[in-house]
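This briefing covers two topics: a helix with its surroundings, and an arginine side chain in a loop. Please read the points below alongside the structure.

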Amino acid sequence: MNILKRRECRRVAGAAGWLLVYGRRKVGKTFTLRNCARYDLYITVTRSGEALIGDDLWRLDEALREVVKTLKRGGSAVVDEFQRVPERYWDLVASAHPHGLLIISGSSFGMLRKIFDSRSPLLGLFDVYKMGLIKYADALAQLRDFQKAALWRDPWTISIVAHPREAEEKIYALYMSAMGLIGEVFTEEERTITKLYQVVLSALAEGEWNSAVVANYAAARGLDVTASTASAYLNRLVEMGLVEKIPIYGSKRSYHRISSTPLRLALYAEAKYHISEGRAPGPLPWGMELQFNIGELLAEAKGGQLAYLPHGDVDAVVITAEGAVGYEIKTGPISRQEARRAVEKIRRAGLPRAGLVSLAEEPPRDVADEAYGPQQLVEMAQSIFKTFTHGNSY
């Protein structure tokens with residue numbers, strides 16, 4: 001079995017009080033808690049409203065009383081899928097505070113709002129930790145493969161695609177799994193995945209990014225949608241963890257993109273090639289996906305913020321306290337002539353510094369302010385990963 005270590009293990013292992021871990025479904029919360037958290041008792045709340053302790057099925061109220069007993073004697077407990085615990089039991093859970101170590105985990109952002117509502121008996125009892133996709137630096141440090149790291153950041157893909165070259169031939173399996181995952185996310189949020197949500201996700205998969213263009217995309221498919229309605233739907237998708245917002249350099253607007261590479265590739269294949277109708281897929285947008293993943297790596301390495309210029313033909317922008325750097329990111333080699341043109345383009349976009357990145361070989365170092373080849377990028381990722389995971393193992 002392929003297992004990627006992740007920095008969240010350190011955070012969970014070091015929990016000292018009560019902690020709420022939340023995030024989108026299938027990002028690895030349960031695996032991390034089971035393998036990294038300290039606990040005397042681990043219960044999983046089932047969809048049927050019961051609780052699993054080991055292989056035994058318990059009544060939920062009895063299982064929660066066991067949790068309270070464990071905490072009151074100074075022990076530690078984990079309650080997984082806490083969003084399925086009815087609110088009538090929240091007073092029982094709160095009665096154990098501040099004793100012991102309690103970690104609750106859930107996939108519903110609606111649950112998070114309810115817990116932090118002014119009327120909630122759990123308000124103020126938990127520290128909060130959001131768990132998202134595996135960080136690209138963590139995945140690249142271990143895999144040393146740029147495409148595989150982008151795919152396996154979303155752990156559900158590990159059992160489907162063993163190597164990136166299989167992505168195209170297994171794209172229908174990825175698409176069906178992606179739709180199942182999206183359905184689960186909407187179910188946990190007590191929402192229905194309507195036609196409009198599907199169209200918004202398809203628009204993002206095809207590279208559209210702002211509310212006005214997404215509204216036009218939906219209108220072309222027979223839906224009467226305003227830009228403000230599209231904006232509200234985009235915000236909900238961000239809240240669910242399916243979409244991320246990246247600041248646009250020099251603007252107050254944001255660039256919206258599907259946060260998961262395999263989700264984006266699968267939805268792109270359906271929107272572009274209609275694979276659900278049995279049609280063969282064509283090329284997948286690996287270049288754009290690697291561009292954002294490498295941009296995240298560079299931003300983290302520099303302690304900066306990733307930004308984007310959708311109309312400036314600059315692949316990534318990293319903003320730090322020292323200023324902004326624009327990057328040309330290519331999967332293939334960068335010739336000296338290409339390097340000069342890229343640097344001129346970045347400077348014309350108003351960026352004070354220019355960087356070159358090639359995933360194939362080291363680019364010319366004397367043309368730009370910065371230049372990184374594949375080995376430097378992997379070493380950069382390994383340095384970041386070591387900082388966050390030193391001394392931890394599964």
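**Helix α14 and residue R84**

Just after α14 comes G350, which has a positive phi, near 90 degrees. The model is predicted. The points below take α14 before R84.

Helix α14: length
- Helix α14 covers residues 336–348, which is 13 residues.
- At 1.5 Å a residue this helix should span 18 Å, and its end C-alpha atoms are 18 Å apart, so the two values agree.

Helix α14: buried and exposed sides
- The buried residues in α14 are A339, A342, V343, K345 and I346.
- These buried residues lie on the same side of α14, because they cover an arc of only 160 degrees around the axis.
- Among the elements covering the buried residues of α14 are the strands β11 (314–320), β12 (323–330) and β13 (353–358).
- Q337 and R348 are exposed, and they sit on the face of α14 that is turned away from its buried side.

Residue R84
- R84 is located in a loop, with β5 (76–80) on one side and α4 (90–94) on the other.
- The relative accessible area of R84 is 17%, which is under 20%, so R84 counts as buried.
- Leaving aside residues up to four places away in sequence, R84 touches R25, V45, T46, R47 and E188.
- With E188, R84 also forms a side-chain to side-chain polar contact of 3.3 Å.

Note on methods: Residues numbered from 1 in each chain as written. Predicted model: local features only at pLDDT ≥ 70, side-chain atom pairs only at ≥ 80, totals over all residues. Heavy atoms only, no water. Helix = DSSP H or I, 4+ residues; strand = E, 2+ residues; numbered from the N terminus. Buried < 20%, exposed > 50% of the residue type's maximum accessible area, 1.4 Å probe, protein only. Polar contact = N/O pair within 3.5 Å; in protein donor to acceptor, adjacent residues only side chain to side chain. Contact = heavy atoms within 4.5 Å. Expected span 1.5 Å × (residues − 1). Arc of directions from axis to C-beta.
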